Amino acid sequence: MDIKKEQNGTTLTMALSGRLDTVAAVDFEKELNASLDGVESLIFDCAELTYVASSGLRSFLMVQKRMNKQGKMVMRHVQDAVMEVLTMTGFDDLLQIEK
Amino acid sequence: MKTDEFRIEAKVENLPDVIAFATGTLTDRCPLRARMHVELVTEEIFVNIASYAYPETGGFVTIRRSGGEGPEGLTLIFIDGGIPYDPLQKPDPDLTLSLEERPVGGLGVFLVKELVDEVRYEHKDGNNVLTVRKIIGDDE
């Protein structure tokens, strides 16, 4: 998975592209841990995200818990394939998702 | 039906090779959604084995594959000689819990159960044997 970051003040946009599988989730969490200090608004642009496994869901859950303490988080442009997994696991109720 | 077999070290970094084998009989006519489901099921099962089956020694996984898009569906059998463990005994996660209450794990096996038509575990000759079958329908 590729991550493109764009920071504008306390707003951080991360454009995710490719597959958020178990291998990618390790790097994703490292990247998040290194990027979120002082961020109050976190936006994931998921337009190019094609696949998510349970390890990736776990990453989203962890970052949502953190962002609840310091601001907000939203997922945008979620594709059908990824949305299906989010819905199946009830994550559509836990995360703020804009299709 | 022809059965192919693939043996590989149970390490997470081997995931791309395992997925390539598992989807090896699917053709260009296979709906992308069904292919994605097969990839996801394969990932969840293989990563579970790679993470938990051989905590000390490391070890191997054997995967048997038969069928594909035909009426019998695609059957994948995952065999490991690690710690005896029946993932199907694990209770399904409570999807109604709030964000703070949600445990971070336990979703992989649930996804497998949701995405296949048949799933079966047996402990046989000292091995964990997990069989999944998925019908690849046109509606997917």
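**Exercise 1. Two loop residues**

Task: With 8 C-beta neighbours inside 10 Å, does Asp125(B) count as buried or exposed?

Solution. The model under study is predicted: local features require pLDDT of at least 70 and side-chain atom pairs pLDDT 80 or more, while totals for chains, interfaces and linings use all residues. Residues are numbered from 1 along each chain as its sequence is written, and chains are lettered from A and ligands numbered from 1 in the order in which they are written.

Step 1. A residue is buried if 20 or more other C-beta atoms (placed from the backbone) lie within 10 Å of its own, exposed if 12 or fewer do, and partly exposed in between. Asp125(B), with its 8 neighbours, therefore counts as exposed.

Step 2. Asp125(B) is found in the loop between S4 and S5 of chain B. Helices (H or I, at least four residues) and strands (E, at least two) are DSSP runs, numbered from the N terminus.

Step 3. Most residues other than glycine have a negative phi. The phi of Asp125(B), however, is positive, near 50°.

Step 4. A second such case is His77(A), which is not a glycine yet has a positive phi of about 55°. His77(A) belongs to the loop between strand S4 (72–76) and H3 of chain A. It has 16 C-beta neighbours inside 10 Å and so counts as partly exposed.

**Exercise 2. A helix pair in chain A**

Task: At what angle do H1(A) and H2(A) pack, and which residues meet?

Solution. Step 1. Helix H1 (residues 22–35) and helix H2 (residues 54–70) of chain A have axes 8 Å apart, at an angle of about 15°. Axes are lines fitted to C-alpha atoms, for helices over the stretch in contact, and angles run from 0 to 180 degrees between N-to-C directions.

Step 2. This angle makes H1(A) roughly parallel to H2(A); the term covers angles under 35 degrees, while over 145 is roughly antiparallel, 65 to 115 roughly perpendicular and the rest oblique.

Step 3. Residues are in contact if their C-beta atoms, placed from the backbone, lie within 7 Å. From H1(A), Thr22(A), Ala25(A), Phe28(A), Glu29(A) and Leu32(A) meet Ser55(A), Gly56(A), Ser59(A) and Val63(A) of H2(A).

Step 4. By class, this contact has 4 nonpolar, 4 polar and 1 charged residues. Ala, Val, Leu, Ile, Met, Phe, Trp, Tyr, Cys and Pro count as nonpolar, Asp, Glu, Lys and Arg as charged, and the others, Gly among them, as polar.

**Exercise 3. The surroundings of H3(B)**

Task: How many residues of helix H3 (residues 107–115) of chain B are buried, and what covers them?

Solution. Step 1. Of its 9 residues, 7 are buried, so H3(B) is largely enclosed by the rest of the structure. They are Leu107(B), Gly108(B), Val109(B), Phe110(B), Leu111(B), Val112(B) and Leu115(B).

Step 2. The cover includes H2 and H3 of chain A, and H2, strand S4 (118–124) and strand S5 (127–134) of chain B.

Step 3. The axes of H2(B) and H3(B) cross at roughly 145° and come within 9 Å. Gly108(B), Val109(B), Leu111(B), Val112(B) and Leu115(B) of H3(B) meet residues of H2(B) including Leu40(B), Val41(B) and Ile45(B). The contact divides into 8 nonpolar, 3 polar and 1 charged residues.

Step 4. H2(B) itself has 16 of its 21 residues buried, so it too is largely enclosed.

**Exercise 4. The two chains**

Task: How many residues of chain A are in contact with chain B?

Solution. Step 1. 17 residues of chain A contact 19 residues of chain B.

Step 2. H2(A) gives the largest share of the chain A side, 7 residues.

Step 3. That side divides into 9 nonpolar, 5 polar and 3 charged residues.

Methods
Two residues are in contact if their C-beta atoms, placed from the backbone, lie within 7 Å.
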